[in-house]
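This briefing is intended to be read alongside the sequence and the three-dimensional model. It begins with strand pairing and proceeds by topic.

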Amino acid sequence: MKRLDGYRSDISRCVRCGACRSTCPTFGVIHREAASARGKISLADAFIKGEVELSDTFIKHISECVLCAACQESCPNDVPVPDIIMAARAEAVRGRGLPLLASVIMKGLRNPDNFISGTLKIASLVQGLVFKKVPGESGLHRRFPLPLIQGERLVPPLARRFLLDIIEKERKGHRGDNGRHKRGIKVGFFAGCIINYIMPDIGIASIKVLKKAGATVIVPSGQTCCGMPALGMGDVDDARSLALKNLEAFEEQDLDFITTACATCSEVLKRRFRDILEDEGPEIKRRVEVFCSKVRDITELLVNDIGLTSLVLDDQSPTSEKIVTYHDPCHLRRGQGIKDEPRELIDLAGLKRKEMKHPCRCCGLGGSFNITNYEFSMEINRGKALDIKNTGADIVATACPGCIMQLRDGLHRVGAKTEVRHVVELLAEKVGEG
Ligand code: SF4
Ligand code: SF4
């Protein structure tokens, strides 16, 4: 992956005009120049020139970013600010190592079978002792003070059964069902951590809709985290080893497409794999190109490649009276330029759609930003939650499980009862069983 000093020419394109300040959500709540995109570019520039060191202050400033890319979108010179910030975080990890919590998380993601999966299975069984259900909400509150779980934070419950375990059990019950059906395309489904451990229903809904559309769906068992948590923390080595594992897991299948219902995962698999594995030599590069060319977010796969129409849906009943507003995940709209497809799918599901004021305003999650800067993260979210509440919609749909978690917490804080759903779940409700 490109080191920070490899971005010299990009950094030199920053003319300090400040156009990015008004769109930067972290600057909007922290109100410090160093929290803005322009401030971070200056900091990265100073680091490359040896004018600042890897101090705690430097690390704090570069951690204050949700990687939403609103700055790049508003920049007249297309400065790739998120990439530069991730490269700066990687320098911090090279120089100072990973913080303790991050290294524990990454140890788990590196060996999911031995550590994370087992630990989370136990946690799933005992979570009721530590958390209590919030009436009428899809989340939990802590019963007593806990590290990293601030105040009234709405914590998503762990799934009783993880998606990859459910699929594995089904696979054992239907040996030999991995072949290509006579007609239709063969799609590999990438779960991602949140869908696997917390929201398996989104994975099940995705598979149901894909099958209904005529696709053969394979869920490769060797798959693991997409690597974004590692990349976001600056841990390039772990991002690389996770990418190689995923490459192998999906290459074993003869797939036409690789898809996921997580906007962050689809951006990483489609775009960032090339950067993560660019130093691995020509043979890996060739394999990465083949892999990346097959990746589609599930919303674009259903609309653009499969051409899903309402005719394949079992439930042809008239449009529901429920109103749905759509939140654009940053990694889908800015990261992949996908904005119409999820809206088309909501229309296909027969729901009335109403746009909110700023549909692509960031939800404030930003991966580890939500853990290390929870109150700022929720302050960013407040504007989004109020935009949703003001539509009066019954449902806010989106295409990223991370956004779903964050929106549920934010809507709970502003007292809105809006349901938060993934677009594919709305479609799956129109598909009958079997
Ligand atoms: S990526 Fe988003 S949060 Fe980070 S500097 Fe750019 S606008 Fe600000
Ligand atoms: S908008 Fe672009 S050129 Fe202007 S200050 Fe921000 S990063 Fe620099």
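**Strand pairing around S7**

Strand S7 runs parallel to strand S9 (residues 395-398), and three bridges join the two. The model is a predicted one. The points below treat the strands, the helices that pack on them, the surroundings of two ligands, and several individual residues.

- Within the pairing of S7 with S9, Tyr326 stands opposite Ala397, which belongs to S9.
- Strand S7 comprises residues 323-326 and also pairs with strand S8 (residues 352-353), in the parallel sense and over two bridges.
- The bridge partner of Ile323 in S8 is Lys352.

**The four-stranded sheet**

- An open sheet is formed by four strands in the order S4-S3-S5-S6, with parallel pairing.
- Strand S4 (216-218) and strand S6 (295-297) are the edge strands, each of which pairs on one side only.
- From one strand to the next, the twist averages 35 degrees.
- Strand S5 (residues 257-260) is joined to S6 by three bridges, and the two run parallel.
- Opposite Ile258 stands Val295, a residue of S6.

**Helices on the sheet**

- Helix H15 (residues 282-294) lies across S5 and S6, and its direction is at about 25 degrees to S6.
- Helix H16 (residues 298-305) also packs on the sheet, where it touches strand S3 (186-190), S5 and S6.
- The direction of H16 makes about 95 degrees with that of S6.

**Helix H3**

- Helix H3 (residues 37-48) contains twelve residues and spans 17 Å from its first C-alpha to its last, close to the 16 Å expected at 1.5 Å a residue.
- Eleven of the twelve residues of H3 are buried, and the helix is thus mostly covered.
- The buried residues of H3 include the charged residues Arg38, Lys40 and Asp45, and among the others are Ile41, Leu43, Phe47 and Ile48.
- Against which helices do the buried residues of H3 pack? They pack against helix H1 (8-12), helix H2 (25-30), helix H4 (56-63), helix H5 (70-74) and helix H6 (81-96).
- After H3 comes Gly50, which has a positive phi, near 75 degrees.

**Surroundings of ligand 1**

- Ligand 1 is surrounded by Cys24, Pro25, Thr26, Ala37, Cys65, Val66, Leu67, Cys68, Ala69, Cys71 and Ile85.
- The shell around ligand 1 consists of ten nonpolar residues and one polar residue, with no charged residues.
- Ala37, one of the residues around ligand 1, is also one of the buried residues of H3.

**Surroundings of ligand 2**

- Ligand 2 is surrounded by Cys14, Val15, Arg16, Cys17, Gly18, Ala19, Cys20, Arg38, Cys75 and Pro76.
- By class, seven residues of the shell around ligand 2 are nonpolar, one is polar and two are charged.
- Arg38 belongs to the residues around ligand 2 and is listed among the buried residues of H3.

**Positive phi in the loop between H4 and H5**

- Most residues other than glycine have a negative phi.
- Leu67 is not a glycine, yet its phi is positive, at about 55 degrees.
- Leu67 is located in the loop between H4 and H5, and it is buried because its relative accessible area is 11%, under the 20% limit.
- Ala69 likewise has a positive phi, of about 70 degrees, although it is not a glycine.
- Ala69 is placed in the loop between H4 and H5, and its relative accessibility of 18% is under 20%, so it counts as buried.
- Both Leu67 and Ala69 appear among the residues around ligand 1.

**Gly28 and Thr264**

- Gly28 has its place in helix H2.
- Is Gly28 buried or partly exposed? Gly28 counts as partly exposed because its relative accessibility is 42%, and this class lies between 20% and 50%.
- The C-alpha atoms of Gly28 and Glu64 are 12 Å apart in space, and the two residues are 36 apart in sequence.
- Thr264 is part of helix H14 (residues 263-276), and it counts as buried because its relative accessibility is 16%.
- Apart from its neighbours within four places in sequence, Thr264 is in contact with Met228, His331 and Cys400.

Definitions and conventions. Residues are numbered from 1 along each chain as its sequence is written. Chains are lettered from A and ligands numbered from 1 in the order in which they are written. This is a predicted model: local features need pLDDT of at least 70, side-chain atom pairs count only at pLDDT 80 or more; totals for chains, interfaces and linings use all residues. Side-chain values use heavy atoms; hydrogens and water are left out. Two strands pair if DSSP finds at least two bridges between them. Axes are lines fitted to C-alpha atoms, for helices over the stretch in contact, and angles run from 0 to 180 degrees between N-to-C directions. Contact means heavy atoms within 4.5 Å. A residue is near a molecule or strand if one of its heavy atoms lies within 4 Å of it. The expected span of a helix is 1.5 Å times one less than its number of residues. Buried means under 20% relative accessible area, exposed over 50%, partly exposed in between (1.4 Å probe, protein chains only).
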